[in-house]
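Me: Could you take me through one part of this molecule in some detail, the way you would at the bench with the model open? I would like to see how its pieces sit against each other, one step at a time.

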Amino acid sequence: MEYRSETTRSRDDLIDMLTAELKRIRDKVNELKIQVDQTRLVVDRERQRNNDVFTELRTVQDNLDTIPRQDIRQKYDEAIEARSRFATMSAQLEKLQSSRDQLEQQQTILSETLRRLQGIDMLPSGANSSGGEGAEVTPKVGASMNIVRIIQAQEEERQRLARQMHDGPAQSLTNFILQAEICQRLFDRNPARAAEELHNLKDVASLTFQRVREFIFDLRPMMLDDLGVVPTVRRYVDAFREKNDIEVKLDVFGDERRLESHREVLIFRSIQELIGLARDYANANEIVVRLDMSGTLIKMAVEDDGRGFDAEAAFAGEDGYHDPRVQAFITLREKFELVRGAVSVTSGENEGTAVRLELPAED
């Protein structure tokens, strides 16, 4: 009885900790929602200002021979400032939206974990509710380990995104600034060369903008909120096919209905992650994605023809089967179980890998 009391106290302490953390996250989510709305208004204003300035800059480019150099320099400085402010505020908006989305996912996971934990009964193993002498107590608390794995996965994702931002858009913007300074120095010494560099700068700016848009889509596609999960998955598959030498087929069944936001996010992120795993670790030539939106269960499947693994041995933890995909599959399964879903993985060393997922369409 004393052991059972200590176990109950441990559970109560965990419940108290999760409750406090859930309240903190909810407060932060509400604060971020306000900041997102305010920042979005600023971004819209800066976008319009940036478009206006660059329209004027095109006029300057077409009339370089008739416009005084001082006016050209002034307009060019305005363009640089407008682009810089727009890029800065857009990045700030994306950061706020990303933080909000991540916290909303944590809020959903914590709410479900807390609900399940509060309903757990600490019963002796092999005994009924009336109890029994000498029975060993086996608490069914595994939620804390689930949370640890999920948090670790989220931190790894943040690190990956930080590296992508540093190596991609951030590096491109640095080059953009350097090239702008070169153009600025050439205005007085060599106007013709300055015009040429200005044209090149426009091409670099367009390329950088496209890369930023791709990064934003990978980070958090806005069309997921506007159009739903099916169009977003279609867009992602098309973009993935263009950027990678891998044939990706997508089959969608059922009506393209809308679901709760956290369910659409989970569906999209799961498909995104599984396609990435097939590319990075399986060396697949073909990936098939199936999404069935009909019925009370949303069903998904991602199959590849790449390098497989002994799934039974790997998930059993046998030595010699340490495929890097296994932990990702385990974490994905835990996420789905927290929202009453299911994940199954089938793979053989010469048979490719098939992952099937099910998610209730509603609570």
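Reply: Happy to. One term first: a residue is called buried when its relative accessible area is under 20%, exposed when that area is over 50%, and partly exposed in between. Please also keep in mind that this is a predicted model.

Let us start with Ser270, which belongs to helix H7. Its relative accessibility is 1%, so Ser270 is buried. What does Ser270 touch, once residues up to four places away in sequence are set aside? Its contacts are then Leu332, Phe336 and Leu357.

Now move along the helix to Glu264, which is also placed in H7, the helix of residues 261–280. This acidic residue has 2% relative accessibility and therefore counts as buried too. Beyond its neighbours within four places in sequence, Glu264 is in contact with Leu224, Gly228, Val229, Arg257, Arg258 and Leu259. Two of these deserve a second look. A polar atom of the Glu264 side chain lies 3.1 Å from the backbone nitrogen of Leu259. With Arg258, Glu264 forms a salt bridge between side chains, at 2.9 Å from N to O. The two partners differ in setting: Arg258 is partly exposed, with a relative accessible area of 42%, whereas Glu264 is buried at 2%. Elsewhere, Arg290, Glu303 and Arg356 are joined into one network by salt bridges that share partners.

From the charged side chains we can turn to the nonpolar ones. In soluble globular proteins, nonpolar side chains tend to be buried together. Here the largest nonpolar core has 42 residues, and Ile267, Ile275 and Ile287 are those with the most contacts inside it. Several elements each supply at least two residues of this core: helices H6 (229–243), H7, H8 (311–315) and H9 (325–338), together with strands S2 (286–292), S3 (297–304), S4 (342–348) and S5 (352–360). Which element gives the most? H7 does, with nine residues. For a feel of the packing, select Ile267: not counting residues up to four places away in sequence, Ile267 touches Val229, Leu259, Leu291, Ile298, Met300 and Leu359. There is also a second, separate core of 17 residues, with Val60, Ala79, Leu186 and Ala205 among its members.

Next comes the sheet. Five strands make up an open sheet with mixed pairing, in the order S1-S2-S3-S5-S4. Strand S1 (247–253) and S4 are at the edges; each has a single partner strand, so one side of each has no neighbour in the sheet. On average, neighbouring strands of this sheet are turned by 10° against each other, direction ignored. H7 packs on the sheet and touches S2, S3 and S5, and its direction makes about 175° with that of S5. Helix H9 lies across S3, S4 and S5 and runs at about 15° to S5.

Let us look at two of the strand pairs. Strands of a sheet pair through backbone hydrogen bonds, either parallel or antiparallel. S2 and S3 run antiparallel and are joined by six bridges. Ile287 has Asp304 in S3 as its bridge partner, and Asp292 is partnered in S3 by Lys299. These two strands form a hairpin with four residues between them, and Gly295 in the turn has a positive phi of about 80°. S3 and S5 are antiparallel as well, pairing over eight bridges. In that pair Lys299 stands opposite Glu358 in S5.

Finally, a quick glance at the charge pairs beyond this region. Side chains of opposite charge can pair when their charged atoms come close. The count for the model is 12 salt bridges. One of them is Lys33 with Glu104, where the closest N and O atoms are 3.9 Å apart. This pair links distant parts of the chain, 71 residues apart: Lys33 is in helix H1 (residues 2–62) and Glu104 in helix H2 (residues 69–118). Lys33 is partly exposed at 38% relative accessible area, and Glu104 is partly exposed at 27%. Arg100 and Asp101 form another salt bridge, with 3.1 Å between the closest N and O atoms. Are these two residues buried or exposed? Both Arg100 and Asp101 are buried.

Notes:
Residues are numbered from 1 along each chain as its sequence is written. This is a predicted model: local features need pLDDT of at least 70, side-chain atom pairs count only at pLDDT 80 or more; totals for chains, interfaces and linings use all residues. Side-chain values use heavy atoms; hydrogens and water are left out. A salt bridge is a side-chain nitrogen of Lys or Arg within 4 Å of a carboxyl oxygen of Asp or Glu. Buried means under 20% relative accessible area, exposed over 50%, partly exposed in between (1.4 Å probe, protein chains only). A polar contact is a pair of N or O atoms within 3.5 Å; within protein, one must be able to donate a hydrogen and the other to accept it, and residues adjacent in sequence count only if both atoms are side-chain atoms. Contact means heavy atoms within 4.5 Å. A nonpolar core is a set of buried Ala, Val, Leu, Ile, Met, Phe, Trp, Tyr and Cys residues joined through side-chain atoms within 4.5 Å. Two strands pair if DSSP finds at least two bridges between them. Axes are lines fitted to C-alpha atoms, for helices over the stretch in contact, and angles run from 0 to 180 degrees between N-to-C directions.
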